[in-house]
Amino acid sequence: MKTNEIPAGLAAMRKFMEEKKLDAFIIPSTDAHLSEYPPKYWESRKWISGFSGSAGTAVVTKDYAGVWTDSRYFLQGATELEGTGFDLFKMGQPETPDMTDWIIEQVGKGGTVGIDGLVYTASDTKILKSNLDRKEIKLETSFDPFEVIWEDRPEIPKNKVFILPEKIAGESIDHKIKRINGVLKQIDADGIIIVTLDAVAWTFNLRGNDVDYNPVAVAYAYVSEKETVLFIDPDKLTDEVSKEYKKHKVLLEDYNKIFDYVANLPENSSICVTGNKINYKLLQTIPQSCKILDISSPVDHMKSMKNSIELDGFRNAMIKDGVALV
């Protein structure tokens, strides 16, 4: 959106808020996978405010709008937000109000604040809800206004993916899944929901180009002793990739079926999640009969411990980078 078009987007947001009886709406910079760098489909904060930094949160109320960002983006924010109807709030500065406190002051008792639960972490949503509840302010998590007001919204990417060979990854898909299930057994969990794109990429040796400068692909996953499922748009899969995953007994399901799948998890199952790495909408989809184990991601722990082939890859990359720099 061009700078002179941004106020029109802001007006459309306020019209949407009026129709849904919302007094404020919060727009983070993340996507459904809580990525720092989201695919263009989820660049909602950038679209409505014009601010293109990788970190920042926009808030729209009936009368005011602002973007909270850190010191890396103070100069950039001041330039990009000029004439947009959004004020710059410099986080960490003594004169800058806390975002939630500011929202509470603007909305007041009996008001309603909206977020899209698909792009908000479960842990952040719980904290926000707790703070609003104390002031008798309702939190509404079910709306994505950009489905309505963003007319030329890009599609979720359909770029083809590929599988990183074991000789480069240093570990097979089978072995990684076996290790994950081993940890699940130790903590008495029946399965784990994997949401973040880097964790999905590591688990399935999956690589793509859905995000600029990040070799990831938009997908969810569920791993258990019973079955392992990769939720991904079938248009992204070549016959070769599909055959390879089937060889490893990975079930392939459409990307959007993750919610139906999670909603139908067996009663009384123990499901492993990580509160700051699962979106609120997906967490709320887990049946109430299930036990939720909110722990630090075992997949991230495994991914952080690099094998010898990965370490050699890092060293080779640094050599090439050094040569390019010189």
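**Strands S2 and S3**

I began with the pairing of S2 and strand S3 (residues 65-69) in this predicted model, and I found four bridges joining the two strands, which run antiparallel. I noted that Val59 stands opposite Gly66 in S3, and that the connection from S2 to S3 is a hairpin through three residues.

I then looked at the other pairing of S2, with strand S1 (residues 24-27), where the sense is antiparallel and the strands share four bridges. As a register mark for this pair I wrote down Ala24, whose bridge partner in S2 is Thr61.

Is strand S2 buried or exposed? I found that five of the five residues of strand S2 (residues 57-61) are buried, so the strand is largely enclosed by the rest of the structure. Going through the two faces separately, I listed Thr57, Val59 and Thr61 on one side and Ala58 and Val60 on the other, all of them buried, and both faces are therefore entered as covered.

**The six-stranded sheet**

I next traced an open sheet of six strands, which I recorded in the order S12-S11-S10-S8-S13-S14, with mixed pairing. Strand S12 (250-253) and strand S14 (291-294) stand at the edges, and because each has a single partner strand, one side of each is left without a neighbour in the sheet. I also noted that neighbouring strands of this sheet are turned by 20 degrees against each other on average, direction ignored.

At the S12 edge I checked the pairing with strand S11 (residues 228-231), which is parallel and runs over four bridges; within it, Leu230 has Leu252 of S12 as its bridge partner. I then asked which helix packs on the sheet, and found helix H8 (residues 173-186), which touches strand S8 (191-194), strand S10 (220-224), S11, S12 and strand S13 (270-273). The direction of H8 makes about 65 degrees with that of S10.

**Cysteines**

I searched for disulfides and counted zero. Cys272 is in no disulfide, the nearest cysteine sulfur being that of Cys290 at 13 Å, and Cys290 is likewise in no disulfide, with the sulfur of Cys272 as its nearest. I entered Cys272 as buried, since its relative accessibility is 0%, and Cys290 as buried too, at 9% relative accessibility.

**Salt bridges**

I ran the search over the whole structure and it returned 17 salt bridges; I looked into a few of them by residue.

- Lys46 and Glu43 meet through their side chains at 4.0 Å, N to O; I have Lys46 as partly exposed, with a relative accessible area of 38%, and Glu43 as partly exposed at 22%.
- Arg179 forms a salt bridge with Glu171, with the closest N and O atoms 2.9 Å apart; Arg179 is partly exposed at 31% relative accessibility, whereas Glu171 is buried, with a relative accessible area of 10%.
- Asp312 forms a salt bridge with Arg315, with the closest N and O atoms 3.1 Å apart; both residues lie in helix H14, three residues apart, which is about one turn of the helix. I recorded Asp312 as partly exposed at 40% and Arg315 as partly exposed at 48%.
- Lys158, Asp233 and Asp235 are linked in a network of salt bridges.

**Glu310 and Met305**

I stayed with helix H14 to look up Glu310, which lies in that helix. What is the nearest side chain of opposite charge to Glu310? I found Lys306, at 4.6 Å, and Glu310, although buried, has no salt bridge; a salt bridge requires a nitrogen within 4 Å of a carboxyl oxygen, so a separation of 4.6 Å does not qualify.

Leaving aside neighbours within four places in sequence, I listed Ala169, Trp202 and Met305 as the residues in contact with Glu310. I followed up Met305, which is found in the loop between helix H13 (298-304) and helix H14 (308-325), and which counts as exposed at 64% relative accessibility. As a last entry I took the separation between the C-alpha atoms of Met305 and Ile27, which comes to 34 Å for two residues 278 apart along the chain.

Note on methods:
Residues are numbered from 1 along each chain as its sequence is written. This is a predicted model: local features need pLDDT of at least 70, side-chain atom pairs count only at pLDDT 80 or more; totals for chains, interfaces and linings use all residues. Side-chain values use heavy atoms; hydrogens and water are left out. Two strands pair if DSSP finds at least two bridges between them. Axes are lines fitted to C-alpha atoms, for helices over the stretch in contact, and angles run from 0 to 180 degrees between N-to-C directions. Contact means heavy atoms within 4.5 Å. Buried means under 20% relative accessible area, exposed over 50%, partly exposed in between (1.4 Å probe, protein chains only). Lys and Arg count as positive and Asp and Glu as negative; His and the chain ends are not counted. A disulfide is a pair of cysteine sulfur atoms within 2.5 Å.
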